[in-house]
Each structure stands twice: as C-alpha cells, then as structure tokens.
Amino acid sequence: MEASRLDSLTEDLLREADSLFLELLHNDLVGVYIIQDNRFLYANTHLAELFGYTQAELCGTLGPMDLTAPEFRHIAKRAIDRRINNEATTSRYSFDGLCKDGRRIQVEVFGIRTEFAGRPAIIGMMIDNTDRRQAEHAVEEQLNFTSQLIETIPSPVFYKDEAGRYLGCNEAFEHYIGLPREELIGKSVFDISPRHLAERYHAADQALFDAPGTQTYEAEVQSTDGTLKNVVFYKATFNKSGGQLGGLVGVILDITDRKRSEKTIWHQANYDLLTELPNRRLFLERLQQGIEHAKGSGSALALMFIDLDRFKEVNDMLGHKVGDQLLSQAGQRIADCVRETGLVARLGGDEFTVILENLSQPTPIEQVAQSIIETLSKPFQLGPDVAYVSASIGVTLYPKDAQDMDTLLINADQAMYHAKALGKNRFCYFVPSIQAIFAERLQLGHDLRSAMAQGQLDVYYQPIVDLATGHIVKAEALVRWHHPRRGWISPAQFIPIAEDIGLINGIGDWVFRRAAGMAKRLWESGCSGTPAGAPLQISINKSPRQFFTGHAHETWIDHLQEIGLPAECIAIEITEGLLLDERPDVTSKLQQFRRAGVQVSLDDFGTGYSAMAYLKRLDIDYLKIDQSFVRDMTSTPSDRAITEAIIAMSHKLGLRVVAEGVETREQRDLLSAAGCDFGQGYWFSRALPEDEFFKLLQRWPD
C-alpha cells in the first residue's frame, strides 16, 4: 500500500478513535482493562462478568492478583512490573484465573504499557481460553492414552504416510525390525528390507492406497537375526483433517509358532510316527486324487497291498519294541524300492501300501513288486537279534479292475490274501476269481466259530515209533475238521484262519483237554511206550500266538493235576520262532511246564532259523526234523547230509530226534542208520481217530 494512502487511513482512524475504542470496550467477546497502582482502574462489563463480579466491585477495589490463582501470581506480577518499570512495552501470558465463587478459568492476556493522568498504566485485553484449553487437554489426554495403548500392544504397530514413508511405530516394532524409531521415521521399506521383500510390501501398501479401507494378508518378514518369520498384516488407511488420504496404520501378528504347530499337527495327522511314511488318512486322500488324475488323463494306476509274512511271529518272539524296529526298517526298504515312482504308506500293523501312477504298461509294477519282495526277504538286524520275514503283495489296477476307491481297496486286499494262500513271498494281480476264494475264506471263518460247539472238530492221533525197537512210544494229537457241507478241511487251511480271527486259544485248549483225556485212557489201560512200562506220551502242538496270548502254562498244568494224569504223559510242541524270544516270561512259562514234568518238543526244525545255538536258551527234550528234508534225503545227498548233521548235533546237545514225513522203508532205514531216535509218517500210520488208534496199539507191530 502506498505511504500516502497509509497516512490518510491513519488520520481517519484518529478521527474515529473515540468511537472505535468505545465499541471495543462494549464487546461481548474480549475483556478490556486498565491497571494502575496494582488496581483495576477500568474493566469492561465482559471482563467483570467473566470472573463473576460487577464493574463496580472490580474497579478501584480489586487488582489483578485478586483474579489470579496463587501458583500463577508470580508470573502475573513479573509481567506487570516489567511493563510498569518500562523494562518491556508489551506482554502476553496465560494463567489460571480465580473467580468470585472460587471457580477457575483459563485465560490469556495481552497488555501494553501506557500512561494515564501522567503516571504509568497498563491497558490490555483478556480472553477466556477455558473451553479451548479443555478441548486441547482432552486431545492431549486422548493422544497420550492412544500412545500408551499402542506401546503396550505386544504386536508390532507402525504408521506410514501416503507415500509409504514411516511416520512412527511402537516399541514392539522397533524390537521386531531391529531399528530404533528415530532411524525409521521418513524411510520406506526399500531402505530397511531386502529388495525382493520390499517390493512385495510396497505393492501391498500401494494396493491399499489405491483402494482405501482395510487389508489383511499373510507374508514373510525378515527378523533382526536374518531369519524369515510368518506373519499376518492387518492394515487400514486414515485421512487427514481435510479428508485427503493421510497414510496407513498397520499391525503385525507373528504366526511363526502357529504355522509350525499347524505343520506339526498336520504331519502327525497324516504321517505314521513309527515309519515317517504317510498314514491311512493321507494314503486315502492321495489315492482319491490319483484316481481323479487318472480319470482326467486317461492313464492307469496301480495299487499294492503289502503284508509282512511271519511278522506276528517275530513280534511275539522278540517283543513289540523289536517289532517296531523291523517295521521301521521295512518301511524304509519299501520306500527305497519305490523312490520317486509312487507313494508308500503304512496302513497300520505290518500292512503297507504303494500307489503307482501314470502307468502305460505293467512292467514297472512287476519290477517294483519283485524288488520289494527281494529286499524284504533279506535279514533284518535288530540290535543283537536277526529276524527274517517275507512279503505277500496284492496288486489291483485302475480302471481295469475297478472304477472307485472302495472297490480298489477291497481288490488289493483280496489279491494280497491270495498271495499268502499260494505260499507267501510273492505278488498276485487281482482277478475276479479271487473274490470267490476270499468269500470262501470269510465263510470258513464264520463256520469255524460254530464248528467246535456243533461237534465238527475232532482230534486224531498219529503214532511216533522208536526206530531202534519198533515200538509206538508217542503220538501227535492233530485237530481235524469235518465240515457238514464241504467235508474234510485241511488244518493248513483253517488253523491260519483260527489265528487271524482269535479262535486259536479256544481250539488249542479244547484239543489239549481231549488229548489229555486220551493220554489218561492210555495210561489207565496200561498201554506203554517201552517194554519197561513207560507211559505212552501224547504231543500237543502249541502255536506262538497261542503261547503268548493264553494262560496254558497254568491252566494246562492245573488240568493234569485235576484229572490225576502224570505230566510225563504229555509233551508240547513249539516252533523254532519261540527260540528267538529272550523275554524272561517266555523262559519262565516253559520252565513251569518242565518243572511240572511236561516235556518240550521243537517242531519243523530246519524250516526257520535253524540255529543250534538258540537251543541252549530253552530246555528242549525232542527235536523234530521237518519232513522236507526227510522226503528228499534218499535222492538228494545234501538233504541227507543235513539230516545226518542235525541228528549228530542234537545228540551232542542231549536231545532226542524225531523225523517227520517217513513214507518209505528206505527213508526209515537211512534214518535208523544215522542214529535217529524216532520216526513219524505214513510208513508207520496215518493219523487215526481215538478208537482206531487204540486198535492200532493192540495189534502193533503186526
């Protein structure tokens, strides 16, 4: 503005000064006062009313100290004195005012030194800031509360402006990121994170800025030690006072432990703890996925069921801990055979399964199956023990054999049982005729449950002859089943079924009582096995399953005492697998039989472990050479040599030897010449019913 115009305006204001000043004095917003000699020389109506006084009560009687709270009086006095003493022309300060009724108000004063009636005075204005200060205080408290709240949040919290630069954070974020907030403020993620992570963080922020609101997602962040952690980001935008985008606030939730726990839980739910192979749950899921893939691609899929032959025997003999070691090793061997070509799973117990996908011809199936059979037939080193098992494998194909998962599972199971029925240690493809065989096996199991109660079972006796004297000195009790519709059913067919369905103990106890009754009949009738009058002995087979799951060592001995039968009239026959068991209770049970006078015979020697050293562990009276060696000893020199060696070693150990399967005179003569003690087989007699066996004894050796 030009100087001339300013001068003109000043003159106009001076001419109108009186009226302008009067308007100021009478305003309702600002208190106007004049102070002289520490008294209010003048106070307008608004100022008086502000403190609860009238103008008359204030002017000439009260001074500024009367309206000032005690703790602020030194501030007010200093400001007034400096102007009165001409140390300062103007002043501005705030204080708590003291009203007539004791209330306090927050005021701000603006004063200037002047003269009135030739003496120093102060003229000024006073503004009530109570509402504003209260509002500011409320804002301060809210900000303080918010700040403290954010600091107490254990999760990292951060704020960014609209350009993605950090505005602040809480202490947890400082610890998490490894930088103090002073070094974070004003920086972007590109300044503090690896570029590949920073690009992901920036892209997520920009997406939120482009569509303001909230955002939640999982990501990986790098912690202070350089490790990556799994987190969830919860972010939301905020606006400036004018409504423009101000930036975002974010919270980081560390879910690393949760992810680890979820992974552990998933692994435990889907993998076998013993073998670390997929379990039944994951196997079924993958099988269904494989079927769907094969259906969509037009390819073939093979499903294998693998069952370990003789595993139950090893488990019973050596204990569950050693059995678990065998299962773990077997699972690894199967996995090594399959490798990347398929999925191996453990269904439970000694059952494993393999899924082979994307097949165009059966060759890979047969190669894998044969490889599994070969590797599982090799010895298992289980601590100090060595165990042998084999594998029976059933194979079924999609879509050739079935179109759905349930049918494939049934087919593979039936094919596996068929492999067992054919002699084990082999694999079989599923064919429709297997269903009939499997159905027959199920029906036999059902019929066997009622066979004993309906009198379909019987006990036959096959004589055992002293090769030196020709006398019948012993007999083996053999169970027979005459089915009302099927006729005679071989024990080789129904005994495994009895073991599988849990009937072997009941049948074994029944056979024992029948055989003990037969032995007592022989004893009371005076039948003897030697010219010296020794009682004729009945041998009773006892399977490992029966031995470990029943209480025959107690109940059988008690029964002999109840019927008054000398214990030497009975012998029990056990299999070679029992020799492997080193558990104290195994030895204890056999010793109870021995102490009671019951003799022990080792059956089918040569077909299993065939280690003479194992014979030292248990008190054995008789050793029975398996009929496979006896059958071929006349035509195969090696079998003859083995048989003669077994006889010689047994005698060295103080054991007597029984040769099974003697069917010709030549076999009998060779055994006799080798020093074999006893012979059993069709050359002497087949197994006979009780009454026919009695008749045989009466006419023997005619």
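Which residue in β4 does Asp96 stand opposite? The partner is Gln106, and this pair is a good way into the first of two sheets described here.

The model is predicted, so local features are reported only where pLDDT is at least 70 and side-chain atom pairs only at pLDDT 80 or more, while totals for chains, interfaces and linings use all residues. Residues are numbered from 1 along each chain as its sequence is written, and side-chain values use heavy atoms, with hydrogens and water left out.

## The sheet around Asp96

Helices (H or I, at least four residues) and strands (E, at least two) are DSSP runs numbered from the N terminus, and two strands pair if DSSP finds at least two bridges between them. Strand β3 and strand β4 (residues 104–116) run antiparallel and are joined by nine bridges. They belong to an open sheet of five strands, ordered β2-β1-β5-β4-β3, with antiparallel pairing. At its edges stand β2 and β3 (90–98), each of which pairs on one side only. On average, neighbouring strands here are turned by 30 degrees against each other, direction ignored. (Axes are lines fitted to C-alpha atoms, for helices over the stretch in contact, and angles run from 0 to 180 degrees between N-to-C directions.)

Helix α5 (residues 73–84) packs on this sheet and touches β1, β3, β4 and β5 (119–128); contact here means heavy atoms within 4.5 Å. The direction of α5 makes about 150 degrees with that of β3.

## The mixed sheet and a cis bond

The other sheet is also open, and its five strands follow the order β12-β13-β11-β16-β17 with mixed pairing. β12 (342–348) and β17 (426–429) each have a single partner strand, so one side of each is left without a neighbour in the sheet. The average turn between neighbouring strands is 20 degrees in this sheet, direction ignored. Inside it, β11 (residues 300–309) and β16 (residues 390–398) pair in the antiparallel sense over nine bridges. One of the facing pairs is Ile306 with Ile393 of β16.

Just beyond that strand there is a backbone feature to look at: Tyr398 and Pro399 are joined by a cis peptide bond, with omega about 5 degrees. Pro399 sits in the loop between β16 and α16 (405–421).

## Positive phi values

Most residues other than glycine have a negative phi, and most peptide bonds are trans. Two non-glycine residues with positive phi are set side by side below. Both are partly exposed, the class between buried (under 20% relative accessible area) and exposed (over 50%), with a 1.4 Å probe and protein chains only.

| Residue | Phi | Loop | Relative accessible area |
|---|---|---|---|
| Asn38 | near 60 degrees | between β1 (31–36) and β2 (39–43) | 47% |
| Glu276 | about 65 degrees | between α11 (256–270) and α12 (280–297) | 44% |

A glycine with positive phi, Gly319 at near 100 degrees, follows α13. Helix α13 (residues 311–318) is itself mostly covered, with seven of its eight residues buried. Among them are Glu313, Asn315 and Asp316, along with Phe311 and Met317.

## Cores and a helix crossing

A nonpolar core is a set of buried Ala, Val, Leu, Ile, Met, Phe, Trp, Tyr and Cys residues joined through side-chain atoms within 4.5 Å. The largest one has 66 residues, and those with the most contacts inside it include Leu448, Tyr461, Ile538 and Phe693. Helix α19 (residues 504–524) gives the largest share, nine residues. Leaving aside neighbours within four places in sequence, Ile538 is in contact with Tyr461, Ala515, Ala519, Leu522 and Ile570, among others. A second, separate core of 36 residues includes Phe311, Met317, Val368 and Ile393.

Leu448 leads on to a helix pair. The axes of α17 (residues 432–451) and α18 (residues 491–500) come within 10 Å and cross at roughly 75 degrees. That makes α17 roughly perpendicular to α18, a class that covers 65 to 115 degrees, with under 35 counted as roughly parallel, over 145 as roughly antiparallel and the rest as oblique. Residues of α17 in this contact include Arg441, Leu444 and Leu448, and those of α18 include Phe494, Pro496 and Ile497. By class, the contact residues divide into six nonpolar, two polar and three charged. Here Ala, Val, Leu, Ile, Met, Phe, Trp, Tyr, Cys and Pro count as nonpolar, Asp, Glu, Lys and Arg as charged, and the others, Gly among them, as polar.
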